Structures are given as structure tokens and as C-alpha cells.
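Trainee: I would like to practise reasoning from definitions. Can we go through a structure together?
Mentor: Gladly. Ask what makes each label fit.

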2 protein chains.
Amino acid sequence: MSDELNLGLLCYIAYRAMESGVLEALEAAGYGDLTAAQGRIAARIGPAGSRVTELAEQAGVTKQTAGFLVDQLERSGYVERVPDPSDARARLVRFAPRGKAAVAVAREAEVRIEATWSRHLGRRGTTQLRRALTELREITDPYR
Amino acid sequence: MSDELNLGLLCYIAYRAMESGVLEALEAAGYGDLTAAQGRIAARIGPAGSRVTELAEQAGVTKQTAGFLVDQLERSGYVERVPDPSDARARLVRFAPRGKAAVAVAREAEVRIEATWSRHLGRRGTTQLRRALTELREITDPYR
DNA sequence: GAATTTGGTAAGCTTCTCTGACCAATAGTC
DNA sequence: GACTATTGGTCAGAGAAGCTTACCAAATTC
């Protein structure tokens, strides 16, 4: 039975390993005040900044929750809110210098962990995994 | 950039789709009082019952959290606790009739969702996905 | 210009999770 | 057999994260 776990649970195990690995790297680099929930929101901030509503949709939480997490990120100096020039109601969340530095650490950790996975699965297996998950996203991610 | 998401995030998207799909099916079948956290614990209960400590380790939470969730499952009639014959300190958590019925619904939903995925990925892609994730588990799941 | 939609915040509550402290039974050691 | 360490589990308290309901202001639609 141990080989017949459902695909969702298998995905959860892998995701959790990646997330905790990245958080450990962030903590080791002095960004220990970042939480998993904050990271999931921050990971969705686009290069030109994103609106809170966008972040909420993409992370799968309500806009209130997203706003709450952005508040925390702002207080910790990771992001800043600037007016959206195209809409006076909206504000764009974008990375502050501290946030950019943390993102660099996180990216490095991701690459390192993916390399570990890649060594275990082989180049071919890794490519197949990425392709399957990316294709799957077309039907599982409503905010693609 | 939209094709270059890291593998952890891709796994998260798929996992989340599966989880919410199963929870919807459970709700539709009259098990709407089950939460995601309860489900993650319940999904680890073995056929002969499991100890709270085991469930905690496998689900990646503290034993207090696992105990708290098992309390809820017990109050809702999904599981029961019986003494562990091999250790007087321990108790085994196992499914009550209502829990078994819910598991059946969940399994059915899993199978149905996996079939949807399979149609999208093709038989070959699905096999590759499952194999890669299962292999990955060897290095990402410490409680395998 | 009125009505609707959209971006966002405020308040209050529930659920989930943790840390720290503790107890009881088991296992290991002398 | 007594001493200690380990293991299974609970209790108490706190914080994090998420939701619902309600609301405001700007934009859009009619």
C-alpha cells in the first residue's frame, strides 16, 4: 500500500519539503521572522508589484487575509505599498530592499533543493515531473 | 516566467486542487463538518489503527496538535480510541463506522479526480508523475 | 447622474498550531 | 530491585492564520 498513495498526498509531501527547506535557509540567513503564510503571499508578488486582491486570488485566500499578511510583511520591511498609477483605489505591493535580498536567498535555496531532487530522480525524471505538473496546472490552477 | 515556477509551488497547486476537490465531495455527501486539517490526520490512520504520535510525525505537526484534531474527529464520531494491547501508555486511533463511510467517499473522490488528471496528462504522463513523486518521497518524507 | 462593480479596510470569531510543563508506563542500567 | 532515561500522551496558554460580515471610496456601466 505504501506505493499507492494518492497523487494529492504525494504532492503535499514534496511541497512541504520544499517549503520547510526554503524557510530554513531564510532563517539561517537572518530572515527568521518570515512565516510560511507570508512566504506564500510574497512568492506571488510580480516584478512590477501586485495588488492585494491579485495576491489573494492566486494564493487562494480571502483579500482580508492577504491584506493582513501584507501588513506584516510591510511592518517587517519586506514590502512597501505604493499608489497604483492606473487606479486611484488600488495600491501596488512591491518588494523593498530587504524583501529583494530575502527573495534572492529563497531562490538560491529553491535551486539548491531542486538540484538535490534532480540528482535523485535523474535529469529525465525531473523533466517529466516538471512537465506533468506544469500541464496539470492548466486544470488545477484557476488563476494561472 | 509562467512556465518556470519552482517544483515546490507546482506541487502545492496540484495538492490544493486535490484536497479541495475531496473536501467538496465529502461535504456533498453529508460530511461537511470535516476540515482540511482533520482530513490530513485521518488520511494517515492505518487499517489496524495508529497512535497519535505516529499520526503527528507523519502529518508533520506536533503531537499536541494531532491530539487536538483527533479529539475533534472523535467528538464528530469519525474515529474512536482504544487501548493499545502492546503498550499500556498508548492508545490506538481507529475509524468508527461514520469514519469508514467518509473514507469511502473520499477514496471515490480521489479516484475520480485522478482520472480527470489522467485524461489531461495521458496515461504515460500520469505514470511518470506518480513514479517521480513516489521516488521523491524517499528523500522528502522522513516518516516513510 | 444613479446603480453596480471593484479594490481595499475594519472588527470579531474560529480553527490550527506551537511552546512549555507535566504525568504515567516502558526500557535500560547498575 | 531501584534509578534513570525514553516514550506516549495530556493540559494550559498563547499566537498565527484564516473566515464572515460589514463598510468605504473610486471606477465603470447604464
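**How the labels are earned**

Mentor: Start with the two protein copies. Of the interface residues of chain B, 100% are also interface residues in chain A, so the copies meet through the same surface. Keep in mind that this is a predicted model.

Trainee: What makes the relation of the copies a two-fold axis?
Mentor: Chain B can be laid on chain A by a turn of 180° and a shift of 0.1 Å along the axis, with an RMSD of 0.1 Å. That is why the relation is a two-fold axis. Of the residues of chain B, B:C11 comes closest to the rotation axis, at 2.4 Å (C-alpha).

Trainee: Why is helix 1 of chain A called oblique to helix 1 of chain B?
Mentor: Their axes come within 8 Å and cross at roughly 140°. Roughly antiparallel needs an angle over 145, and roughly perpendicular runs from 65 to 115. The crossing angle of roughly 140° fits neither, so the helices are oblique. The crossing is left-handed.

Trainee: Which residues make that contact?
Mentor: Among them are A:L7, A:C11 and A:Y15 of chain A, and B:L7, B:C11 and B:Y15 of chain B. By class, the contact has 12 nonpolar, two polar and two charged residues.

Trainee: How do you know which element gives the most to the surface near DNA strand D?
Mentor: By its residues there. Helix 4 of chain A gives the most, with four residues. By class, this surface has eight nonpolar, eight polar and seven charged residues. Of the 23 residues around strand D, those that come nearest include A:T35 and B:R51.

Methods
Residues numbered from 1 in each chain as written. Chains lettered and ligands numbered in written order. Predicted model: local features only at pLDDT ≥ 70, side-chain atom pairs only at ≥ 80, totals over all residues. Axes fitted to C-alpha atoms, helices over the stretch in contact; angles between N-to-C directions. Helix = DSSP H or I, 4+ residues; strand = E, 2+ residues; numbered from the N terminus. Left-handed = near helix turned anticlockwise from the far one by under 90°. Contact = placed C-beta atoms within 7 Å. Nonpolar A, V, L, I, M, F, W, Y, C, P; charged D, E, K, R; others polar. Near = placed C-beta within 6 Å. Least-squares fit on C-alpha atoms with pLDDT ≥ 70 in both.
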